[in-house]
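User: Please take a close look at how the strands pair in this model, and then place that pairing in the context of the rest of the chain.

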Amino acid sequence: MSASNAPELTPALARRLHRHHVVIIGSGFGGLFAAKQLRKANVDVTLIAKTTHHLFQPLLYQVATGILSEGEIAPSTRMILKDQPNASVILGEVNGIDLDNRTVTSQFLERVTETSYDSLIVAAGSGQSYFGNDHFAEYAPGMKTIDDALELRGRIIGAFDQAELATDPAEIERLLTFVVVGAGPTGVEMAGQIAELANTTLNGTFRHIDSRSAHVILLDAAPKVLPPFADSLGQAAAKRLTKMGVDIQLGAMVTDLDANGLTVKDSDGTVRRISSRTKVWSAGVAASPLGKTLAEQSGAPIDRAGRVLVEKDLSLPGHPEVFVVGDMMALDKLPGVAQVAIQGGRYAARVISDGVEAVRSGKDAPERKDFKYFDKGSMATVSRFSAVAQVGPIKVTGFIAWVMWLLVHLLYIVGFRSRLTTVISWLTAFFSKSRGQLAITEQQVDARRAMFYFTAGEPVTAPEPESATRPLQASRP
C-alpha cells in the first residue's frame, strides 16, 4: 500500500502497534519506585520530570545546614535508570493531561513534547503552601527543592557573616534571630540543626560576635510540637529543643511577613512583631496543580490541599488506566510521607504489570485488590544522638531512636555511592564539630532575586527580594 493510501494513524491504532506504554509523571518517591517496579514488566516506561534528579526530600534540611551536599540526596534520575532498558526519561514540566486522548503535554524551555500513554501514573508530589499568602515565599523559603535548601544555607550562613560586620546591636539581633514556621518533623529538624550550627559548628569562628547568642524560634499555630506524633514524643522533642536553646512558641499564627521580620497573632488575640532576617517556612503543603487538572476532566473531588480523592485501587474515578499516588492522592486520611508514595507507586506498577501479562496470555485482567498501606512508623531527628520514633504502639526517644532514624534513611537513599558519601558526611558532622558543606555563593542565595526580575515581564519598580549576601536594596537600581 502506498503512503498516500495508508490509513490514518489514529491514537487508538497507534496504541495497538506498540507495547503497552506506561507514562509516569514525577521523579520523586512514588514515580521512581513505580518505574523501578516495572523493570521486568513487558511494557515501555517513560518518566517525565521537571528536574534531572530524584530528590530524597526528608534530608533537605541537612543540605540547608551544611551537613550534606545536594548530590548526596539528589542522584541523577537517568543514572538510576541507566540499566533499565525499558525506561526512558523526558525532562520537562507537565502542563497538560488529556484523559480522553490519553496524552501528556510537557515543556522544557521552548520545546513542547506530547507523549501518549496506555497507563498513566501521576506522582507529581506537592509544593509549599503559604495558605493564600504566596508573597511570603519571597522572604521565607520552604523546604521542597534543592534550590530552597541551597538558598536557605546561604541565608543562614550569610546572616552570621553580616552580623560579624554590623555595629548596630538591633541589627545584629535581627540578623541572629532565626524563625522556623511550623513545628512538624521538618520544622523540628530544621530548628535543631540551626541551633547546633550556632552552638557547636560555628562557635569560635567569628571575632566580633558570639554565634551562640543566636536566637532560634520555632513557631506554630498548633498547641503542640510534632502534631502527627504521640503527645509523649512531641513533649520529648520539645524538651530536647528547649535544652538546646530553641525558643518554642505555640498557638502563634503568622499574619504578615516581610524582609525584616514577621507579625504573629497569639491564641489570646495578642498581636506582636518578631524582628528576623532569616525565616524558614515549613507550615504546610499543597498538592501539584495537576490534581486540579485531573479533577476538572474526571469529576473527581479534591480536598483543601488539592489532593485527588482516588478509588481504593488508587485509580482516578472513571479512568482505571490512570493512577494517582503519593502527595497528590487522598485516601483513608493517609499522611503525605515517603512510605505512602513508595508503596503506592509500587502497587500501581504491579496492577499495570499484572493486567498487561493477563492480556498477553489471553486472559481477563485480574480483579484489583484494594491498596493497603503498611505503616512502618514515623521518625524525626531533633539533634545529634537524639530523635523520636513511633512504630505502631511502640514509642522510642533519644539515642536508640536516632540510630533507627539513621538506618531507615540510609536504606532508602538511592545508590551505593550516595549511601557511602552520606555516611562519611554524617560521621564528620555527628562525631566532630565540623560540617563539610558550609560554602555559599551569591548565585545560590540570590537566585530568587534573579528569577523575580526574569519573570516580571515588564520593568520592575517594586522592592527587591531579600538578599543574605548584601544589604536589602530599597528599589531596583
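Analyst: The account below begins with the basis of the model, follows the strand pairing, and then turns to the interior and the confidence.

The model is predicted, so local features are taken only at pLDDT of at least 70 and side-chain atom pairs only at pLDDT 80 or more, while totals for chains, interfaces and linings use all residues. Residues are numbered from 1 along each chain as its sequence is written, and side-chain values use heavy atoms, with hydrogens and water left out.

The protein has 15 helices and 23 strands, both being DSSP runs numbered from the N terminus (helices H or I, at least four residues; strands E, at least two). Six of the strands make an open sheet with mixed pairing in the order β3-β2-β1-β7-β19-β18, where two strands pair if DSSP finds at least two bridges between them. At its edges lie β3 (87-91) and β18 (315-316), each of which pairs on one side only. Within the sheet, β7 (residues 119-122) and β19 (residues 319-324) run parallel and are joined by three bridges, with L120 opposite V322 of β19. Across β1 (21-25), β2 (44-49) and β7 lies helix α2 (residues 29-37), which runs at about 165 degrees to β2; axes are lines fitted to C-alpha atoms, for helices over the stretch in contact, and angles run from 0 to 180 degrees between N-to-C directions.

Two hairpins give further examples of pairing. Strands β12 (residues 252-258) and β13 (residues 261-266) are antiparallel and share six bridges; two residues separate them in their hairpin, and L257 has L262 of β13 as its bridge partner. In the other hairpin, β21 pairs with β22 (residues 386-391) in the antiparallel sense over five bridges, and S383 stands opposite S386 in β22. Here too there are two residues between the strands, and F385 adopts a positive phi near 70 degrees. Strand β21 (residues 378-383) is largely enclosed by the rest of the structure, because five of its six residues are buried (under 20% relative accessible area, with exposed over 50% and partly exposed in between, for a 1.4 Å probe and protein chains only).

Turning to the interior, buried residues make up 51% of the 477 residues. The largest nonpolar core holds 73 residues, of which L59, I73, F160, M190 and W426 touch the most other members; such a core is a set of buried Ala, Val, Leu, Ile, Met, Phe, Trp, Tyr and Cys residues joined through side-chain atoms within 4.5 Å. Helix α6 (residues 146-165) gives the most to this core, with nine residues. Apart from this core lies another of 50 residues, including L81, L314, F323 and M329. Beyond its neighbours within four places in sequence, W426 is in contact (heavy atoms within 4.5 Å) with several residues, among them L59, W405 and F431.

As for confidence, the mean pLDDT (the predictor's confidence in each residue, from 0 to 100) is 89, and 89% of the residues reach 70 or more. Over residues 1-7 the pLDDT is below 50, and this stretch has two contacts beyond near neighbours in sequence. Residues 450-477 also stay under 50, although the model has 57 contacts for them beyond four places in sequence.
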